[in-house]
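The following note sets out some points on the architecture of the model under review. Please read the points alongside the sequence and coordinates.

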Amino acid sequence: MGERLVLWDIDKTLVDVESVGGSVFSAAFTAFSGLDDYVPSRGPGRTEWQWFLDTLAVNNLTHLAEGFPRFLRLQDVEFRRRATELRARGRVLPGAREALERCAASPDVLSSLLTGNAVGNAHHKLQAFGLESLVETRLGGYGDDHWNRSELVGIARRRVHEATGLEFTPATTVLVGDTPNDVRAALEGGARVVAVATGYCDADTLRAAGATTVLDDLSDTEAVMEALLA
Ligand SMILES: [Mg+2]
């Protein structure tokens with residue numbers, strides 16, 4: 001372990017649970033704010049913290065920003081309530097499990113997460129599909145560590161260093177993600193990026209955002225590993 005720190009995004013990169021994730025956010029935000037028909041805010045690849053703050057802003061509720069921990073607890077309740085639905089409606093994206101298995105088995109790779117999901121939600125989403133044992137979930141960067149996704153890169157590297165003593169650099173850290181925000185996090189936070197066009201953005205959009213390596217999906221495990229270790 002130690003040649004590469006690979007940090008995976010979750011939604012639309014490893015799994016697709018979008019409809020359930022959105023429903024969980026809505027139910028929790030309604031419970032949090034007391035508003036049944038609040039104005040939603042949009043933008044794939046945001047951290048949940050940013051999503052929460054944006055939604056407060058468009059509903060003139062910025063005075064409730066300190067309530068983020070309570071909002072996360074409400075989301076946790078919803079995820080537990082919808083565990084069966086999550087498994088039934090969600091799916092692992094093509095090749096994701098195999099890519100995670102290869103990374104977990106590779107002595108050259110330390111595999112963890114860099115996701116907009118709060119850590120608890122990341123666990124719910126991976127556990128639903130039996131993926132949580134394939135990545136170092138104690139490490140990584142999460143959407144309740146910072147509202148700005150780019151900050152999660154440094155947070156993840158510090159967490160890895162504290163836990164393992166390993167020092168990764170921008171050249172040996174690789175983000176895998178599906179949105180321009182994932183690409184921006186890598187460029188601003190200091191990491192390489194392997195973009196996958198399995199979300200709402202096509203390959204050209206990801207390249208325009210600055211990604212030099214873009215895969216159609218994760219289905220070719222050899223190509224994935226080659227891109228991660230390049
Ligand atoms: Mg994503």
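Which residues lie nearest the centre of the largest pocket, and how many residues line it? The points below take up this question first and then turn to the domains and to a pair of helices.

1. The model is a predicted one. In its largest pocket, the lining comprises 31 residues. Those nearest the centre of this pocket are Glu18, Gly43, Pro44, Arg46 and Trp51. The space within the largest pocket amounts to about 630 Å³.

2. Three helices, α1 (18-33), α2 (48-58) and α3 (68-81), each contribute at least two residues to the lining of the largest pocket. The greatest contribution is that of α1, which provides six residues.

3. Sorted by class, the lining of the largest pocket consists of twelve polar, eleven charged and eight nonpolar residues.

4. Two domains make up the division of the protein: domain 1 (4-16 + 91-229) and domain 2 (18-87). Their centres, taken over C-alpha atoms, are 23 Å apart. In the contact between them, 21 residues come from domain 1 and 17 residues from domain 2.

5. Where does the largest pocket lie with respect to the two domains? Domain 1 and domain 2 both supply residues to its lining, and the pocket therefore lies between them.

6. Helix α3 also deserves comment for its packing against helix α6 (residues 119-127): the two axes come within 10 Å and cross at roughly 10°. Because angles under 35 degrees count as roughly parallel, α3 and α6 are described as roughly parallel to each other. On the α3 side, the contact is made by Gln75, Asp76, Phe79 and Arg80, and on the α6 side by Asn121, His124 and Lys125. By class, the residues of this contact of α3 with α6 are three charged, three polar and one nonpolar.

Note on methods: Residues numbered from 1 in each chain as written. Predicted model: local features only at pLDDT ≥ 70, side-chain atom pairs only at ≥ 80, totals over all residues. Heavy atoms only, no water. 1 Å grid on protein atoms, 1.4 Å probe; cavity = no way out; pocket = protein on both sides within 12 Å on 5 of 7 lines; lining within 4 Å. Points joined across faces, edges and corners; volume = space filled by probe spheres on them. Helix = DSSP H or I, 4+ residues; strand = E, 2+ residues; numbered from the N terminus. Nonpolar A, V, L, I, M, F, W, Y, C, P; charged D, E, K, R; others polar. Domains from an automatic or database assignment. Axes fitted to C-alpha atoms, helices over the stretch in contact; angles between N-to-C directions. Parallel < 35°, antiparallel > 145°, perpendicular 65-115°, else oblique. Contact = heavy atoms within 4.5 Å.
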